[in-house]
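Here is a short tour for a reader new to this structure. Take a look at the sequence and the model before reading on.

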Amino acid sequence: MNQRWRLIALWLLPVLVAGLLIWQILGSGTTQYSNINPSGSQLTPTTNTAVGRMTYGRFLDYVQAGRVTSVDIYEGGRNAVVEAIDPDLDNRVQRMRVELPGLTPELINRLKEEGISFDIHQPKKAPPGLGILGNLFFPLLLIGGLILLARRSNSMPGGPGQAMQFGKTKARFAMEAETGVKFDDVAGVAEAKQDLEEVVTFLKQPEKFTSVGAQIPKGVLLVGPPGTGKTLLAKAIAGEAGVPFFSLSGSEFVEMFVGVGASRVRDLFKRAKENTPCLIFIDEIDAVGRQRGAGIGGGNDEREQTLNQLLTEMDGFEGNSGIIIIAATNRPDVLDSALMRPGRFDRQVSVDPPDINGRLSILKVHSRNKKLESDLSLENIARRTPGFTGADLANLLNEAAILTARRRKSAITLGEIDDAVDRIIAGMEGQPLTDGRSKRLIAYHEVGHALIGTLVKAHDPVQKVTLIPRGQAKGLTWFAPDDDQMLVSRAQLKARIMGALGGRAAEDVVFGRAEVTTGAGGDIQQVASMARQMVTRFGMSELGPMSLENGSQEVFLGRDLMTRNDISDAIANQIDQEVRKMVKQCYQETYEIVKNNRDAMDYLVDRLVECETIDGEEFEKILSDYTTIPKKERTKPVLN
Ligand code: ADP
Ligand code: MG
Ligand code: ZN
């Protein structure tokens, strides 16, 4: 049987079973009737006359006329078989069926008065078990077949046999008796660690708190972007406290069948209660904990039931029972407010991407078991990786180790680290381009970016320009972002727009407007979004410091389907004009810079085509022969 067929069969069979049951019940009525059907063998016809029908009125007439000789009453007085004689036909005996209105005392008295022999037959009962068995025979057969079918399909992984498993909740959550993770393994998130150390004490020494009448919180919500170490922190808490770790991902709650998620929650808490003290970790809680009734179509029954069950379970156990629930999300904004109520996840701990010192300490943790070249400084790596999360850094060191092994070196050097960073940010390295017109055009495009990056004071300095393709890009210009920049100024945003336009401007200056290429598509998209944000989000245009966003993002994920649109058409028009004005002006300035440095650019392009890569310092040095380069102020972050 192919898979689709089985799926259909699985749904069809219960329907069939139900249908058959109904049929059986209805059918059993008829069976009973026929049991006492007067035409059955119970009555031995004395004559050859067939059983006819007679109305009740006629029957009464017959009784009055004294023609009735005997009456057999069936079904508690609803039916009777009457024997009557027909004086016109030689007193032949006629047997007739009569429907009676019921077995009334008057009727019985009447029959007695007339001296008619009568008998009242009780319905013949089959032995009780047998009847039921008979009725259940077909359904049982079908259910048996169903189970067999389910068994068979269960043996196929991922097959629709899963449909049959929903009754018994399989333990989908993982339980680790000992996580083996300690706080020392989590680095760079000092504040979060401090907040969570208390949770360890809750688990280890609850008396400390309960003795003074304090209620131990039940739930802690870890909020932070992916890869910052939320799961790791939760494990570390369990590891430090030495308690079992139950973990389950929010998305695992939500299943095809309504009610399965809820029963999983019940299961999870049941198991946890048997193992107190313990820690329950719910990853991606936004998958279940989203605002109820939100989204297209008004929400998802299964998810909401699951969430309700979760809330019920959290209310259901005492605060001091030794279970602490830790949930993780990167979208606290979409969570149902009921989750944050006191007594539930009333504590929030934010786990932020690490700063340079955090990165350094994470690198230290992850380089423990790696062989690094002695002069490789982790500080340098930390400096090179602003924006990297803990998971990125772990990945970086691993990639570098793989590269080292591939290059048959004995220890990781800066070269491997650099390549690994590039690879993580921009993707896999491709084959170098073959010399030709395309390569020159790409070289001009990239040099255009780098030229603006170097000559505009507010721009991040150039780290390197390369013609080696990576990921989707045919050439790349890398800039060194300022370390851990928190705020971005208007001048910097404008510089970034100009930098992004540099590629197109170079194509324009060198090859003419008719020859510009699609290569600038990505840049232009970036430009548009930056310029629009400057106008609508950051109040950096002549429209003034007003938020002009119409929050139309993420209808599917967010809270409300109906988005506020509080921007009038007139304002929308003005926004468009401001954005256009800004981009146009930036392009003008960019075009001028590129045009005025045509000679330097020609030389740099020749060099780039020849060497494939020019690093930032060399680029600056060559350029300084042609023009003055503004000095860039950079704050060097203090390492401690
Ligand atoms: P999240 O749950 O926040 O998405 P994880 O805890 O799953 O992130 O992190 C994935 C991996 O990244 C961890 O197993 C660990 O190796 C590494 N990692 C992330 N953050 C840190 C950190 N702060 N310190 C050390 N390692 C980290
Ligand atoms: Mg995680
Ligand atoms: Zn570009």
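## Cysteines

Is C586 buried or exposed? C586 is buried, because its relative accessible area is 1%, and buried means under 20%. C611 is another case: at a relative accessible area of 30%, C611 is partly exposed. Bear in mind that the model is predicted.

A disulfide is a covalent bond between the sulfur atoms of two cysteines. How many disulfides does a search of the whole structure find? The search finds zero.

## The zinc site

Ligand 3 is a zinc ion. Which protein residues are its donors? They are H445, H449 and D523. The two histidines use NE2, and the aspartate uses OD. These donors lie 2.1 Å from the zinc ion.

Along the chain, the donors follow the spacing H-x3-H-x73-D. H449 and D523 link distant parts of the chain, 74 residues apart. H449 sits in helix α16, residues 437-455. D523 sits in helix α18, residues 521-536. Both side chains belong to buried residues: H449 has a relative accessible area of 7%, and D523 has one of 14%. Each counts as buried because the cut-off is under 20%.

## The largest nonpolar core

In soluble globular proteins, nonpolar side chains tend to be buried together. Here the largest nonpolar core has 47 residues. Which residues have the most contacts inside it? They are I497, V594, M601 and F619.

Several elements give two or more residues to this core. The helices are α16, α17 (490-511), α18, α19 (569-596), α20 (598-611) and α21 (616-624). Strand β12 (462-466) also contributes. The largest share comes from α17, with ten residues. Two of the contributing helices, α16 and α18, also carry zinc donors: H449 is in α16 and D523 is in α18.

## A nonpolar patch on the surface

Nonpolar residues also appear on the surface. F137, F138 and L141 form a nonpolar patch there. Together they have about 310 Å² of accessible area.

Where is F138 placed? F138 is in helix α4, residues 128-154. At 39% relative accessibility, F138 counts as partly exposed, because that value falls between the 20% and 50% cut-offs.

## Salt bridges across the chain

Side chains of opposite charge can pair when their charged atoms come close. How many salt bridges does the structure hold? The structure holds 29.

One of them joins R53 and E99, with the closest N and O atoms 3.7 Å apart. This pair links distant parts of the chain, 46 residues apart. R53 belongs to strand β1 (residues 51-54), and E99 belongs to strand β4 (residues 92-99). R53 and E99 are both exposed.

K235 and E176 form another salt bridge, at 3.7 Å from N to O. K235 lies in helix α7 (residues 230-241) and E176 in strand β6 (residues 174-176), so the pair ties together parts that are 59 residues apart in sequence. Both residues are partly exposed: K235 has 24% relative accessibility, and E176 has 25%.

## E416 and a charged network

What does the side chain of E416 meet in a salt bridge? Its partner is R407, at 3.0 Å from N to O. E416 is buried, with a relative accessible area of 0%. R407 is partly exposed, at 37% relative accessibility.

E416 lies in helix α15, residues 414-426. L396 is 20 residues away from E416 along the chain. The C-alpha atoms of E416 and L396 are separated by 9.6 Å. There is also a network of salt bridges, which links R384, D418, D422 and K464.

## A buried loop residue

Where does I285 lie? I285 is in the loop between β9 (278-283) and α10 (286-289). This loop residue is buried, with a relative accessible area of 0%.

A328 is 43 residues from I285 in sequence. In space, the C-alpha atoms of I285 and A328 are 6.1 Å apart.

Notes: Residues are numbered from 1 along each chain as its sequence is written. Chains are lettered from A and ligands numbered from 1 in the order in which they are written. This is a predicted model: local features need pLDDT of at least 70, side-chain atom pairs count only at pLDDT 80 or more; totals for chains, interfaces and linings use all residues. Side-chain values use heavy atoms; hydrogens and water are left out. Donors are N, O and S atoms within 2.8 Å of the metal (3.2 Å for Na, K and Ca); water is not among the atoms, so sites may look incomplete. Helices (H or I, at least four residues) and strands (E, at least two) are DSSP runs, numbered from the N terminus. Buried means under 20% relative accessible area, exposed over 50%, partly exposed in between (1.4 Å probe, protein chains only). Patches are made of residues with over 30% relative accessible area and no salt bridge: like charges are joined within 9 Å, nonpolar side chains (Val, Leu, Ile, Met, Phe, Trp, Tyr) within 5 Å. Accessible areas come from the Shrake-Rupley method with a 1.4 Å probe; for residues, only the protein chains shown count as cover. A salt bridge is a side-chain nitrogen of Lys or Arg within 4 Å of a carboxyl oxygen of Asp or Glu. A disulfide is a pair of cysteine sulfur atoms within 2.5 Å. A nonpolar core is a set of buried Ala, Val, Leu, Ile, Met, Phe, Trp, Tyr and Cys residues joined through side-chain atoms within 4.5 Å.
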